[in-house]
Amino acid sequence: MTNPSTRLAELLGELRHILEDERSILLSGNPARITVVVERKLLLAEMIERESKMPGVAAPSVETILRLDRYNRGNSVICSAMLRHLTQTL
């Protein structure tokens, strides 16, 4: 059985990969791919939340959380720019 703290670290690593993929997919502008990556991210977020509530799980480092937050905020900036562009186009 996997240590809960190890499993959480694995999930956070997977989130980092998804956020990296999300950035390139957002920049590609392919709506179908964007939908798939967002669904993956939401599912993973639920898994992370569930795993973080397990007894004995050590909190991730602040550096890990800040790095993930920067990726996510960067992707949010891309989404906002896309939304502004689409709104102006319409």
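**Chat on Ser52 and helix packing**

User: Leaving aside neighbours within four places in sequence, which residues is Ser52 in contact with?

Analyst: Ser52 is in contact with Leu8 and Val57, once those sequence neighbours are set aside. Contact here means heavy atoms within 4.5 Å.

User: What kind of model is this, and how are residues numbered?

Analyst: This is a predicted model, where local features need pLDDT of at least 70, side-chain atom pairs count only at pLDDT 80 or more, and totals for chains, interfaces and linings use all residues. Residues are numbered from 1 along each chain as its sequence is written, and side-chain values use heavy atoms, with hydrogens and water left out.

User: OK, back to Ser52. Which helix is it found in?

Analyst: Helix α2, which covers residues 31-52. Helices here are DSSP runs of H or I with at least four residues, numbered from the N terminus.

User: And is Ser52 buried, partly exposed or exposed?

Analyst: Partly exposed, because its relative accessible area is 39%. Buried means under 20%, exposed over 50% and partly exposed in between, using a 1.4 Å probe and protein chains only.

User: How far is Ser52 from Ser5?

Analyst: Their C-alpha atoms are separated by 8.1 Å, and the two residues are 47 apart along the chain.

User: Switching to packing. At what angle do α1 and α2 pack?

Analyst: About 160°, with the axes 9 Å apart. That makes α1 roughly antiparallel to α2. Axes are lines fitted to C-alpha atoms, for helices over the stretch in contact, and angles run from 0 to 180 degrees between N-to-C directions. Angles under 35 degrees count as roughly parallel, over 145 as roughly antiparallel, 65 to 115 as roughly perpendicular and the rest as oblique.

User: What's the residue mix in that contact of α1 with α2?

Analyst: It divides into 15 nonpolar, 2 polar and 8 charged residues. Nonpolar covers Ala, Val, Leu, Ile, Met, Phe, Trp, Tyr, Cys and Pro; charged covers Asp, Glu, Lys and Arg; the others, Gly among them, are polar.

User: And how do α1 and α3 pack, what angle and how far apart are the axes?

Analyst: Helix α1 (residues 4-28) and helix α3 (residues 62-89) pack at about 20°, with their axes 10 Å apart. So α1 and α3 are roughly parallel to each other. From α1 the contact includes Leu12, Leu15, Glu22 and Leu26, and from α3 it includes Leu68, Asn72, Asn75 and Met82. By class, the contact of α1 with α3 has 10 nonpolar, 4 polar and 5 charged residues.

User: Glu22 caught my eye. Buried or exposed?

Analyst: Glu22, in helix α1, counts as buried because its relative accessibility is 3%. Its side chain makes a polar contact with the side chain of Lys41 at 3.0 Å. A polar contact is a pair of N or O atoms within 3.5 Å; within protein, one must be able to donate a hydrogen and the other to accept it, and residues adjacent in sequence count only if both atoms are side-chain atoms.

User: What other side chain does Lys41 make a polar contact with?

Analyst: Asn72, at 3.1 Å, also through side chains. Lys41 lies in helix α2, and it is buried, with a relative accessible area of 18%.

User: Last one: what does Met82 touch, not counting residues up to four places away in sequence?

Analyst: Leu26 and Ile34. Met82 lies in helix α3 and is partly exposed at 27% relative accessible area.

Definitions and conventions:
Helix = DSSP H or I, 4+ residues; strand = E, 2+ residues; numbered from the N terminus.
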